[in-house]
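Here is a friendly walk through one protein chain, written for someone who likes to see the cut-offs next to the claims. Keep the structure open while you read.

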Amino acid sequence: MKIGVFDSGIGGLTVLKAIRERYPKVDLLYLGDTARVPYGSKSKETVQRYSIECAEFLLGHDVDLVVVACNTASAYALDLLRERLPVEVFGVIEPGVEEALRVCTSGKVGVIGTRGTISSGAYQNLLQKKGVKVLAKACPLFVPLVEEGMVRGPVAELLVEHYLKDLKESGIDTLILGCTHYPLLKDVIQAYMDGTVIVDSAHATARWIERYVKDEGNSSLSLYFTDDSPIIPNMIRLILGEDHPYEVISTLCRL
């Protein structure tokens with residue numbers, strides 16, 4: 001079985017890693033749209049167009065299932081992709097919400113993400129439909145922090161305190177990491193939010209797709225990006241724990 005995963009950039013590798021750990025035999029193909037990152041600052045229509053192009057690239061490599069490892073694309077394009085694609089399509093928002101509902105006991109859930117994800121209201125709407133009080137916070141500096149490899153230490157701790165102080169004092173007992181970069185800050189966030197259950201959408205998504213996955217294949221891994229950057233090899237190593245070759249494809253993008 002071959003699973004295709006796409007993201008607006010590099011952070012979606014956390015989702016790919018979780019899938020790879022849970023289903024070690026499947027073949028995996030990842031596309032990071034690094035030429036057009038971030039999606040969070042784009043219009044809904046543009047995000048939908050980019051998402052369709054990414055999904056079509058994956059389908060061109062005969063994937064059996066598509067995972068949208070981007071919160072903004074999951075918020076804006078998931079329904080459209082499900083209408084248009086001949087395979088099952090999954091996002092990262094629904095799994096994170098369901099996991100939060102499962103573990104929350106106080107009726108109050110926090111959500112952190114990029115400005116685009118938080119302003120879309122995708123997490124808030126799903127949680128509020130279940131009668132849960134939601135406190136949402138955009139944490140725009142977390143992504144560059146992660147991409148600089150500063151996932152531990154005083155700078156990370158200072159930024160976590162800066163963004164999460166209000167959430168810590170609010171009485172939430174569950175916090176959703178609503179950006180695929182944020183699992184790399186999970187240890188620092190967990191230490192600061194002591195006693196709060198941290199929901200990692202990457203692992204929640206890997207569990208969510210279980211009944212659609214046959215853990216069989218050649219355990220292959222193919223990585224593609226739409227633009228090169230010195231950050232890419234470092235992030236591959238940081239997230240996957242190993243070096244891995246990748247290919248840059250510029251033909252996908254019609255900016």
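A good place to start is Pro 38, which is found in the loop between strand E2 (27-32) and helix H2 (44-59); helices (H or I, at least four residues) and strands (E, at least two) are DSSP runs, numbered from the N terminus. The peptide bond that leads from Val 37 into Pro 38 is cis, with omega near 0°.

Before going further, a word on the ground rules. This is a predicted model, where local features need pLDDT of at least 70 and side-chain atom pairs count only at pLDDT 80 or more, while totals for chains, interfaces and linings use all residues. Residues are numbered from 1 along each chain as its sequence is written, and side-chain values use heavy atoms, with hydrogens and water left out.

**Around the cis bond**

Val 37 also turns up in the surroundings of Ser 8, a residue in the loop between strand E1 (2-7) and H1. Leaving aside neighbours within four places in sequence, Ser 8 is in contact with Asp 33, Thr 34, Val 37, Tyr 39 and Cys 70, contact meaning heavy atoms within 4.5 Å. Is Ser 8 buried or exposed? Ser 8 counts as buried, at 10% relative accessibility; buried means under 20% relative accessible area, exposed over 50%, and partly exposed in between (1.4 Å probe, protein chains only).

**Two residues with positive phi**

Asp 62 has a phi near 60°, a positive value in a residue other than glycine. Asp 62 sits in the loop between H2 and strand E3 (65-68), and with 58% relative accessibility it counts as exposed. Ser 219 is not a glycine either, and its phi is positive at about 60°. Ser 219 belongs to the loop between H10 and strand E9 (221-225) and is partly exposed, with a relative accessible area of 40%.

**Salt bridges**

How many salt bridges does the structure hold? There are 10, a salt bridge being a side-chain nitrogen of Lys or Arg within 4 Å of a carboxyl oxygen of Asp or Glu. Some of them are listed here.

| Pair | N to O distance |
|---|---|
| Glu 53 and Arg 36 | 2.8 Å |
| Arg 82 and Glu 94 | 3.1 Å |
| Asp 187 and Arg 152 | 3.6 Å |
| Arg 49 and Glu 53 | 3.9 Å |

Asp 187 lies in helix H9 (residues 186-192) and Arg 152 in the loop between helix H7 (142-147) and helix H8 (154-169), so their salt bridge ties together parts that are 35 residues apart in sequence. Both Asp 187 and Arg 152 are exposed. Elsewhere, salt bridges that share partners join Asp 33, Arg 36, Arg 49 and Glu 53 into one network.

Within that network, Glu 53 and Arg 36 are both buried, Glu 53 having 6% relative accessibility. Arg 49, in contrast, counts as partly exposed at 34%. Arg 49 and Glu 53 both lie in helix H2, 4 residues apart, about one turn of the helix. Asp 33, another member of the network, is also one of the contacts of Ser 8.

**Two domains and their interface**

The chain is divided into domain 1 (2-92 + 204-248) and domain 2 (93-201), with bounds that come from an automatic or database domain assignment. Their C-alpha centres lie 21 Å apart, and 25 residues of domain 1 are in contact with 24 residues of domain 2. Between them the domains bury about 1,800 Å², 60% of it on carbon and sulfur atoms; buried area is the accessible area (1.4 Å probe) that two parts lose on being put together, summed over both. Which residues of domain 1 lose the most area to domain 2? They are Asn 71, Val 92 and Trp 208, together 29% of what that side buries.

The rule finds 2 salt bridges across this interface. It also finds 9 residue pairs in polar contact there (both at pLDDT 80 or more). A polar contact is a pair of N or O atoms within 3.5 Å; within protein, one must be able to donate a hydrogen and the other to accept it, and residues adjacent in sequence count only if both atoms are side-chain atoms.

Helix H1 (13-22), helix H3 (71-84), helix H10 (201-208) and helix H11 (231-240) each supply at least two residues of the domain 1 side. H3 gives the most, with 7 residues. By class, the side of domain 1 that touches domain 2 has 13 nonpolar, 9 polar and 3 charged residues. Here Ala, Val, Leu, Ile, Met, Phe, Trp, Tyr, Cys and Pro count as nonpolar, Asp, Glu, Lys and Arg as charged, and the others, Gly among them, as polar.
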